[in-house]
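Here is a brief report on one protein. Look over the sequence and the fold before reading on.

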Amino acid sequence: MTANRDIYVVLTGTGTAFSGIIKWFTKAELNHASIAFDSELREVYSFGRKRVHNPFIAGLIHENFIHPFYSSADCAIYQLRVSSEEYDTMYNHVQGMMQNQERYKYHLLGLVGVLLNVRIDREDAFFCSQFVASVFEETAVHPVAKPSCFVTPDDFASSLCAHKIFSGKLSYYMRRNNRVALLTSSLHTTSSPVPGAVAARMLRLNEERTEGIV
């Protein structure tokens, strides 16, 4: 039997001026899309700003969600179950791109094309949601039924609504996952009678009641 693994689509809204401009056109709250290869969001990739204070220097990036830039960001996280082969295909594709990271540019004209419903191709250039969709196009997994050049973050939100596992502050998700990892690790090295998975679930439920987060 083929083992399955999980891929995550992460939508974020940082509240920056550039994000506000995109929001004015899209009318959506979350206007940045990323693809993650682990639930802790350590292996997260997208097309975005390479310098946090300059949106005009952008390209392929390995995102660091614990950076203060994301401290007030809202997010929605979607989990997709794929085969190990599909996971490896997507991961290896992204890593191949990362080996030539400087070659890739942000496709600002592509965003204009989405608004005008006109395909505007540029070699080695992507906008964030186009990149995420293009990674899925390396496999038979197509979360959004349209070409990657027309996919928006809101398309992922609409198509993957049944796969949402979290909605709220990104910083809260990162803190929660870190605490769960520490708790589980601690339980594996002690004689606690409570199984790690049960204790982690108890911690999540307690925090979600406190924070009021889905």
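Which residues does Phe-136 touch, not counting residues up to four places away in sequence? The model is predicted, and in it Phe-136 touches Ile-7, Val-9, Ile-35, Leu-80, Met-90, Val-141, His-142 and Pro-143.

## Overall layout

The protein has 214 residues, and 45% of them count as buried. It contains 7 helices and 8 strands. The accessible surface comes to about 11500 Å². Carbon and sulfur atoms account for 54% of that surface.

Many contacts can be sorted by sequence separation. Take those between residues at least 6 apart in sequence: 64% of them join residues at least 24 apart.

## Two nonpolar cores

The largest nonpolar core has 36 residues. Phe-136 is among those with the most contacts inside it, along with Val-9, Ile-35, Phe-131 and Phe-156. Several elements give two or more residues to this core. The strands are β1 (4-13), β2 (32-36), β3 (44-51), β4 (54-62) and β5 (74-83). The helices are α2 (84-98) and α4 (128-136). Helix α4 gives the most, with 6 residues.

A second core is separate and has 16 residues. Val-10, Cys-75, Phe-166 and Tyr-173 are included in it.

## Aromatic pairs

A pair of aromatic rings is described by the distance of the centres and the angle of the planes. The whole structure holds 13 aromatic pairs. One of them joins Phe-47 and Phe-131, with ring centres 5.2 Å apart. Their planes stand at 50°, so this pair is tilted. Phe-47 lies in strand β3 and Phe-131 in helix α4, so the pair ties together parts that are 84 residues apart in sequence. Are these two rings buried or exposed? Phe-47 has 1% relative accessibility, so it counts as buried. Phe-131 is buried too, because its relative accessible area is 0%.

Phe-65 and Tyr-70 form an edge-to-face pair. Their centres are 4.9 Å apart, with 80° between the planes. Both residues are buried. Elsewhere, Phe-37, Tyr-45, Tyr-87 and Tyr-91 form one aromatic cluster. Tyr-87 also has a charged partner: the charged end of Arg-5 sits over the ring of Tyr-87, 3.8 Å from its centre.

## A buried acid in helix α5

Asp-155 lies in helix α5 (residues 153-159). Why does Asp-155 count as buried? Its relative accessible area is 16%, and the cut-off for buried is under 20%, so Asp-155 qualifies.

Which side chain makes a polar contact with the side chain of Asp-155? The partner is Lys-146, at 3.2 Å. Lys-146 also appears in the list of residues that Asp-155 touches, not counting residues up to four places away in sequence. The others in that list are Val-144 and Phe-150.

## An exposed cysteine

Cys-161 is found in the loop between α5 and β8 (164-169). Is Cys-161 buried or exposed? At 54% relative accessibility, Cys-161 counts as exposed, because the cut-off is over 50%.

How many residues separate Cys-161 and Tyr-78 in sequence? They are 83 residues apart in sequence. In space, the two are 7.7 Å apart, C-alpha to C-alpha.

Note on methods: Residues numbered from 1 in each chain as written. Predicted model: local features only at pLDDT ≥ 70, side-chain atom pairs only at ≥ 80, totals over all residues. Heavy atoms only, no water. Helix = DSSP H or I, 4+ residues; strand = E, 2+ residues; numbered from the N terminus. Buried < 20%, exposed > 50% of the residue type's maximum accessible area, 1.4 Å probe, protein only. Polar contact = N/O pair within 3.5 Å; in protein donor to acceptor, adjacent residues only side chain to side chain. Contact = heavy atoms within 4.5 Å. Core = buried A, V, L, I, M, F, W, Y, C linked by side-chain atoms within 4.5 Å. Areas by Shrake-Rupley, 256 points an atom, 1.4 Å probe, with all protein chains shown as cover. Phe/Tyr/Trp six-rings, centres within 6.5 Å; stacked < 30°, edge-to-face > 60°. Lys NZ or Arg CZ within 6 Å of the ring centre and 35° of its normal.
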